[in-house]
Amino acid sequence: MDPKFIDELSQRFYKNLPDNLKHLGEDLKRHFSNVLEKGLDKVDLVSRDEFEVQKLILEKCRKRIDELKAQISKEEE
């Protein structure tokens, strides 16, 4: 997981804290970061780039399947 992304999320959590908890500052930010990192590591996520590559591969496979189905239909006639 991208450390910058985790840092941005922890900053957002920190900014939305009630004012009476903000005095805990860096300790809370570190805690938020650790919790987010551990939680997100448990989730099986892929990057947008990986997703797009897999999407292209799937589209090619679907096209090829359609071509093979058409070829089989012609041969069965």
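**Close-up 1. The buried side of helix 1.** Four residues of helix 1 are buried: I6, L9, S10 and Y14. Look down the axis of this helix and those buried residues fall within an arc of 140°, so they line one face of it. Keep in mind that this is a predicted model. Part of what covers the buried residues of helix 1 is helix 2, which runs over residues 25–42. Now go round to the other side of helix 1, where K4, R12 and K15 are exposed.

**Close-up 2. Helix 1 from end to end.** Helix 1 takes in residues 3–15, which makes 13 residues. At 1.5 Å a residue, helix 1 should span 18 Å, and its end C-alpha atoms are indeed 18 Å apart, so the two values agree.

**Close-up 3. Where helix 1 meets helix 2.** How are these two helices set against each other? Two packed helices are described by the angle between their axes and the distance between the axes. Here, helix 1 and helix 2 pack at an angle of about 130°, and their axes are 9 Å apart. That angle is why the pair counts as oblique. The crossing of the two is right-handed. On the helix 1 side, the contact is made by F5, I6, L9, S10, Q11, F13 and Y14. Helix 2 brings G25, K29, F32, S33, L36, E37 and L40 to that contact.

**Close-up 4. The two sides of helix 2.** Start with the buried residues of helix 2, which are G25, L28, K29, F32, S33, L36 and L40. Seen down the axis of helix 2, they fall within an arc of 135°, so they too line one face of their helix. What do the buried residues of helix 2 pack against? They pack against helix 1. The face of helix 2 turned away from this buried side carries K38, D41 and K42, which are exposed.

**Close-up 5. Helix 2 from end to end.** Helix 2 has 18 residues, and at 1.5 Å a residue it should span 26 Å. Its end C-alpha atoms are 26 Å apart, so the expected span holds up here as well.

**Close-up 6. A serine in helix 2.** Zoom in on S33, which is found in helix 2. Is S33 buried or exposed? Its relative accessible area is 15%, so S33 is buried; the cut-off for buried is under 20%. Leaving aside residues up to four places away in sequence, S33 touches I6 and S10. Both I6 and S10 are among the buried residues of helix 1.

Technical notes. Residues are numbered from 1 along each chain as its sequence is written. This is a predicted model: local features need pLDDT of at least 70, side-chain atom pairs count only at pLDDT 80 or more; totals for chains, interfaces and linings use all residues. Side-chain values use heavy atoms; hydrogens and water are left out. The expected span of a helix is 1.5 Å times one less than its number of residues. Buried means under 20% relative accessible area, exposed over 50%, partly exposed in between (1.4 Å probe, protein chains only). The arc is that of the directions from the helix axis to the C-beta atoms. Contact means heavy atoms within 4.5 Å. Axes are lines fitted to C-alpha atoms, for helices over the stretch in contact, and angles run from 0 to 180 degrees between N-to-C directions. Angles under 35 degrees count as roughly parallel, over 145 as roughly antiparallel, 65 to 115 as roughly perpendicular and the rest as oblique. A crossing is left-handed if the near helix is turned anticlockwise from the far one by less than a right angle, and right-handed if clockwise.
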